[in-house]
Amino acid sequence: MSLDLIRSYTLNAGRHVGDLLWWTLTDARITRSLLESVWANAGLAAGLLPEPPTPEKALKTAVRESQVGQHDHLLRLGKEDEDEIVFAVMVEARDSAGNVSLTQEARVRLDRHAPAKLDSDRPGHDLVVSISTAYDRLLTTHTADDVRRALVKTLNCCAAVTLRENGGVYWVPAPYAETLRQLQRAVSNIGASRLDVVPIHASAEATAALGHAARTSIDEEISVLRAEIEGFLIAPPERASTLARRLETFEALRSKARLYHTVLQVQVQDLETALNKLTLQVEGLLQTKAA
């Protein structure tokens, strides 16, 4: 079924209640400077961008990429401290008796104080060359996984509801329609990627299905928080800031629940009650720390 045909079945009802969306990331590697430009041109907040690439992340990602497809060679972390990160290139050998031995063939080292280039005792080794080449690229480039994290971060700020257990298909409430379309414009300028949006309009079936998904989403978040707070009651965290952040989380959930109620008439009174109880528990812990 084509996307246009799907849309034709969703545009004949009442008011716009939100949008279904999914995406495909293709050729999604992008330099930091270009991603910042794409993001700004789409009108999206800079705070929704992924963290900038770092030498440590570039090295570890380069090692993961270079390990793919290797059957006899292993890349193993040898050392990691505030001054350097060292990976060992190991070759695996097996004999007719079933014995397995490992021999180190090379070292790849990142000097945290001079991260422009990697060091190695065998710079011509095929795997060392592969790691170094990938490292040079990744120092200034975001991977498709970085882009995916930025998408999810943006959707979380739009009170999005996951409609599949493993993600991939989301519903975003109508008040965030403009932000979603800004995100769509940004994604369309990242390689050959695309973010497809299908508007959903009010109908009994749409309201029931989306309302159930929205309610389930909040229930799951509250269950996780409830278990965490029960643990805090037994062993309070050392930092008061940890508790303060939970109060901010509760307020964000309240806002999300009220939004779902406004858009989909989701019943939220019991959710408010549960959040109020958790709030009182955290405030009690904060008072105990202050005393």
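A residue counts as buried when its relative accessible area is under 20%, as exposed when that area is over 50%, and as partly exposed in between. Keep those cut-offs handy for this tour of a predicted model.

**Stop 1: Ser-193**

Select Ser-193, in the loop between helix H6 (177-188) and strand S10 (194-201). Is Ser-193 buried or exposed? Its relative accessibility is 5%, so Ser-193 counts as buried.

Now show the side chain of Ser-193 and look for two backbone atoms. One is the backbone nitrogen of Thr-26, which the side chain reaches at 3.0 Å. The other is the backbone oxygen of Ile-190, reached at 2.9 Å.

Next, display the surroundings. Setting aside neighbours within four places in sequence, Ser-193 is in contact with Thr-24, Leu-25, Thr-26, Ala-28, Val-187 and Ser-188.

**Stop 2: Arg-194 and Asp-196**

Move along the chain and select Asp-196 together with Arg-194. These two form a salt bridge, and their closest N and O atoms are 2.6 Å apart. Colour the partners separately: Asp-196 is buried, with a relative accessible area of 10%, while Arg-194 counts as partly exposed at 46%.

**Stop 3: a pair within one helix**

Go to helix H2 (residues 32-41) and pick out Arg-32 and Glu-36, which both lie there. They sit four residues apart, about one turn of the helix. How far apart are the closest N and O atoms of the salt bridge between Arg-32 and Glu-36? The distance is 3.0 Å. Arg-32 has 16% relative accessibility and therefore counts as buried. Glu-36, with a relative accessible area of 39%, is partly exposed.

**Stop 4: a pair that links distant parts of the chain**

Select Glu-56 and Arg-112 next. Their salt bridge has its closest N and O atoms 3.2 Å apart. This pair links distant parts of the chain, 56 residues apart. Glu-56 belongs to helix H3 (residues 55-67), and Arg-112 to the loop between strand S5 (100-111) and strand S6 (119-120). Glu-56 counts as partly exposed at 29% relative accessibility, and Arg-112 is partly exposed too, with a relative accessible area of 28%.

**Stop 5: a network**

For the last selection, show Lys-79, Asp-81, Glu-84, Arg-109, Asp-111 and Asp-119. Salt bridges link these residues in a network. How many salt bridges does the structure hold? There are 25, and the ones at Stops 2, 3 and 4 are Asp-196 with Arg-194, Arg-32 with Glu-36, and Glu-56 with Arg-112.

Note on methods. Residues are numbered from 1 along each chain as its sequence is written. This is a predicted model: local features need pLDDT of at least 70, side-chain atom pairs count only at pLDDT 80 or more; totals for chains, interfaces and linings use all residues. Side-chain values use heavy atoms; hydrogens and water are left out. A salt bridge is a side-chain nitrogen of Lys or Arg within 4 Å of a carboxyl oxygen of Asp or Glu. Helices (H or I, at least four residues) and strands (E, at least two) are DSSP runs, numbered from the N terminus. Buried means under 20% relative accessible area, exposed over 50%, partly exposed in between (1.4 Å probe, protein chains only). A polar contact is a pair of N or O atoms within 3.5 Å; within protein, one must be able to donate a hydrogen and the other to accept it, and residues adjacent in sequence count only if both atoms are side-chain atoms. Contact means heavy atoms within 4.5 Å.
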